[in-house]
Amino acid sequence: MQTIKGPGLFLAQFVGDAAPFDSFDAITAWAAGCGYLGVQVPSGAASLIDLDRAAASRTYCDELSGQARAHGVQITELSAHLQGQLVAVHPAFDAAFDGFAPASVRGDAVARQAWAVDQVRKTIDASANLGLDRMAAFSGALAWPYLYPWPQRPAGLVEAAFDALAARWRPILDHADSRGVDICFEIHPGEDLHDGVTFEMFLDRVDQHPRARMLYDPSHYLLQQLDYLANLDIYAERIGMVHVKDAEFNPTGRQGVYGGYQPWVDRAGRFRSLGDGQVDFKGIFSKLATMGFDGWAVVEWECALKHPEDGAREGAAFVRDHIIRVTDRAFDDFADGGADDAANRRMLGLGA
């Protein structure tokens, strides 16, 4: 068993143009003031991190870590979610995802993908320079438009999509291995890796690559009606990162899992601030402690109702109250009478 580290905060939802969210120094001071001990940093947020410098310079990374430590927090991981998304984009989503890329590569799918791969590789290098052994990413998606089999999918379509996805990620995973960094793919709707089955399909095609791991976020599983506690049992060895995010699913006679194209506030399934949803976090934290998870409990705030600053402040306290400080002894040690082989045999009626 192991005590989980935390609370940490994913900064992606808070980065902005106004203080204290417009610089790394200010946002880490704010996070510390909310009660956080760590921050997960989106590597594409130029106001927080210069990725080119971080990938090339340990000195710069030491300075960045020092800024965080000055406020009593540490960098837990880097995230390349948006860049990872662009490693594999179905043409149906070209226009929508162009906004994730710089203007210089928009409208050019090949150039955009090359930029994205370079960004993910730099995030790996920056992670290594920061002394981190894991990073977060989305996988991207080629098969997602064909999720629901109507019209019937032609034979081999999904297999071809996963073959191509694996071919794009295998060299990146090999680079991650050379730098001692795991890539933790967030299992997420909109990605080809959106549940356990699809993650396994990917693993099979990258030869069970040791650097391909999971970012576990129970909110996405609840909204899919997937057993998120059993998922921890199944994938304990592959889970390298955890987002602590709440959600609720309240189906009606008018809508269910798909949400009827409604905005988040009107969907049957929606994300909520920690403690306001339906996720069994007591069960989750118990399983994480039991399975020896050695990472951080990182709050990802997303809520259709609550103000983000209130959600962040409450989230730190919520995680702190749920982390289990694992015991170093059995509760009934006081009743231990001591034993040896001879005594055990006598107790079983086997003689001396």
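What covers the buried residues of α3? In this predicted model, the cover includes α1 (24-34), α2 (51-56), β3 (74-80) and α6 (109-129). The helix thus surrounded by contacts is described here from its length to its two ends, followed by a residue of helix α7.

Helix α3 comprises the 13 residues 58-70. At 1.5 Å a residue, a helix of this length should span 18 Å, and the end C-alpha atoms of α3 are indeed 18 Å apart, which agrees with that expectation.

Five positions of α3, namely Tyr-60, Cys-61, Leu-64, Ser-65 and Ala-68, are buried. Viewed down the axis of α3, these buried residues fall within an arc of 135°, so they line one face of the helix. An α-helix has 3.6 residues a turn, so residues three or four places apart point the same way. On the face of α3 turned away from the buried side lie Thr-59, Arg-69 and Ala-70, which are exposed.

The two ends of the helix show further local features. At the start of α3, the backbone nitrogen of Thr-59 is approached to within 3.3 Å by a side-chain oxygen of Ser-57. Just after α3, Gly-72 adopts a positive phi of about 85°.

Elsewhere in the chain, Pro-171 is placed in helix α7, which covers residues 157-179. Pro-171 is partly exposed, because its relative accessible area of 44% lies between the limits of 20% for buried and 50% for exposed residues. The C-alpha atom of Pro-171 is separated by 9.7 Å from that of Val-117, a residue 54 residues apart from Pro-171 along the chain.

Note on methods:
Residues numbered from 1 in each chain as written. Predicted model: local features only at pLDDT ≥ 70, side-chain atom pairs only at ≥ 80, totals over all residues. Heavy atoms only, no water. Helix = DSSP H or I, 4+ residues; strand = E, 2+ residues; numbered from the N terminus. Expected span 1.5 Å × (residues − 1). Buried < 20%, exposed > 50% of the residue type's maximum accessible area, 1.4 Å probe, protein only. Arc of directions from axis to C-beta. Contact = heavy atoms within 4.5 Å. Polar contact = N/O pair within 3.5 Å; in protein donor to acceptor, adjacent residues only side chain to side chain.
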